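Reader: Hey, got a minute to walk through this model with me? I'd like to poke at a few spots.
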Amino acid sequence: VVPLRVEPAEPVTDPMYQGSPSPPPPSLQEAMKSCPKADIDNLKDLLVEENIYLHTEASAQGCLPILILSMRRTSFLPKRPAVVILHSTNKCKEWLRPLLEAYASRGYVAVAIDSRYHGERANSPTTYSEALVSSWKNGDTMPFIFDTVWDLIKLADYLTYHRDDIDHARIGITGESLGGMHAWFAAFADTRYAVVAPVIGVQGFRWAIDNDKWQARVDSIKSVFEEARVDLGKSAIDKEIVEKVWDRIAPGLASKFDAPYTIPALAPRPQIILNGADDPRCPLAGLDIPVSRAEMAYKAYHHSNYFKLIAEPGIGHQMTPAMVKEASDWFDRYL
């Protein structure tokens, strides 16, 4: 742990994308472009862009790149709500610009980061994959979820103690896929994230193992599971390998930090879960217990309306315009 330090950075002109194809096709940004946006003719001229580095720990990955968009502020403007928006696997903060611009146009301070081993924190198209394998072999980092959650705790420190333009009681968090997981766990770890809207990110990890529905999630980061298969002398990836990998690279993910325990723990903060009804990576049946427990928790706080699950019919692992609109409306309602 090091003292929180802020350092100016330059805009990224050639973002690092990993995986294939690279860069991703622009068509994948269409859902983001559907986010409600204020009708302002000279919006680009009024937007203020900030690029900074936040030093969160004494390691090479401890330099957190941040991109912030907001409307130019006049002296009489009140403090504004902030929304943290998190990218999916192999993307980066620059990919989220359509969402950042839309939220900023409506008066939010819109914030994006590069998660661990992504964007400016990657130096090759395989950096993230290699980090996952290293985590399995050495057990000294947690690149899948928990290390980025640490960064998001430190980001909340920055937004709370270093920004006089933000209402510290009105910080929301959302993200897509891996970013949805990061949003979910960051909100569990830090109550300063007051409103939560994970998109295609929430699943029951233990349920998937017990019900043989782990394959699609494993396939999304298959290299680490293949490495474990070889190390454990098996001919094929099976549930034993899946459980051992989760326990190694994200301890507690399939037990005490799983959805049945952490989703209800967010009560009474407003929380909306946006998934596809046919998403094989986030099987809907795996959320029956987490949702049931969450509904009981929110009811106990007399805030049943603060929790919602929307499973869009006929949709797999895909963020849709409807999901983007629902998340946007949720923040407008509760932030």
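Reader: Where does Asn90 lie?
Author: Asn90 lies in the loop between β4 (80–86) and α3 (97–105). Keep in mind that this is a predicted model.
Reader: Okay. What's the phi of Asn90, roughly?
Author: About 75°, which is positive although Asn90 is not a glycine. Most residues other than glycine have a negative phi.
Reader: And is Asn90 buried or exposed?
Author: In between: Asn90 counts as partly exposed, with a relative accessible area of 23%.
Reader: Which other residue has a positive phi without being glycine?
Author: Tyr117 is one of them, with phi near 65°. Tyr117 is placed in the loop between β5 (109–113) and α4 (127–138). Tyr117 counts as buried, because its relative accessibility is 14% and the cut-off for buried is under 20%.
Reader: What about Asp114, where is that found?
Author: Asp114 is also in the loop between β5 and α4. Its relative accessibility is 0%, so Asp114 counts as buried.
Reader: Which residues is Asp114 in contact with?
Author: Leaving aside neighbours within four places in sequence, Asp114 is in contact with Leu64, Pro65, His87, Cys92, Lys93, Glu94, Gly119, Glu120 and Arg121. As for Val84, which is 30 residues away along the chain, its C-alpha atom and that of Asp114 are separated by 12 Å.
Reader: You mentioned a cysteine. How many disulfides does the structure hold?
Author: Zero.
Reader: Why is there no bond for Cys92?
Author: The closest cysteine sulfur belongs to Cys63 and is 15 Å from the sulfur of Cys92, so the two are too far apart for a bond. A disulfide would need the sulfur atoms within 2.5 Å.
Reader: Fair enough. Is Cys92 buried or exposed?
Author: Cys92 is buried, at 0% relative accessibility. Cys63, on the other hand, counts as partly exposed at 22%.
Reader: Switching topic: how many aromatic pairs does the structure hold?
Author: There are 14 aromatic pairs. One of them is Tyr306 with Tyr334, an edge-to-face pair at 5.0 Å centre to centre and 65° between the planes.
Reader: Which parts does that Tyr306 and Tyr334 pair tie together?
Author: Tyr306 lies in the loop between α12 (288–300) and β9 (307–312), and Tyr334 in helix α13 (residues 321–334), so the pair ties together parts that are 28 residues apart in sequence.
Reader: Which residues do ring pairs link into a cluster?
Author: That cluster is made up of Phe144, Phe146, Trp184, Phe185, Phe188, Phe205, Phe225, Trp246 and Phe257.
Reader: And what does Trp246 touch?
Author: Not counting residues up to four places away in sequence, Trp246 touches Phe144, Phe205, Ile209, Arg217, Ile221, Phe225, Pro251 and Leu253.
Reader: Which residues touch the most other members of the largest nonpolar core?
Author: Trp246 is among them, along with Val84, Phe144, Leu155, Ile173, Tyr193 and Phe225. That core has 68 residues. Another core, of 37 residues, lies apart from it and includes Tyr103, Val195, Val199 and Ile315.
Reader: Which charged end sits over the ring of Tyr103?
Author: That of Arg106, 4.9 Å from the ring centre. There's also Lys91, which lies over the face of Trp95 at 5.5 Å from the ring centre.
Reader: Any odd peptide bonds? What's the one from Ala267 to Pro268 like?
Author: The bond from Ala267 to Pro268 is cis, with omega near 5°. Most peptide bonds are trans. Pro268 is found in the loop between α11 (259–262) and β8 (271–276). The bond from Ser20 to Pro21 is cis too, with omega near -5°, and Pro21 is in the loop between β1 (5–8) and α1 (30–33).
Reader: Back to Pro268. How far apart are the C-alpha atoms of His303 and Pro268?
Author: They are separated by 6.7 Å, though the two residues are 35 residues apart along the chain. His303 touches Pro268 and Tyr298, not counting residues up to four places away in sequence. His303 lies in the loop between α12 and β9 and is partly exposed, with a relative accessible area of 28%.
Reader: Last one: what does UniProt list for residues 83–317?
Author: The unreviewed UniProt entry lists those residues as "domain: AB hydrolase-1". Over residues 83–317 the chain is 42% helix and 16% strand, with the end C-alpha atoms 23 Å apart.

Definitions and conventions: Residues are numbered from 1 along each chain as its sequence is written. This is a predicted model: local features need pLDDT of at least 70, side-chain atom pairs count only at pLDDT 80 or more; totals for chains, interfaces and linings use all residues. Side-chain values use heavy atoms; hydrogens and water are left out. Buried means under 20% relative accessible area, exposed over 50%, partly exposed in between (1.4 Å probe, protein chains only). UniProt positions are given in the numbering used here, feature names are shortened, and annotations may be inferred rather than shown by experiment. Helices (H or I, at least four residues) and strands (E, at least two) are DSSP runs, numbered from the N terminus. Rings of Phe, Tyr and Trp (its six-membered ring) pair if their centres lie within 6.5 Å; planes under 30 degrees apart count as stacked, over 60 as edge-to-face and the rest as tilted. A charge sits over a ring if NZ of Lys or CZ of Arg is within 6 Å of the ring centre and within 35 degrees of the ring normal. A nonpolar core is a set of buried Ala, Val, Leu, Ile, Met, Phe, Trp, Tyr and Cys residues joined through side-chain atoms within 4.5 Å. Contact means heavy atoms within 4.5 Å.
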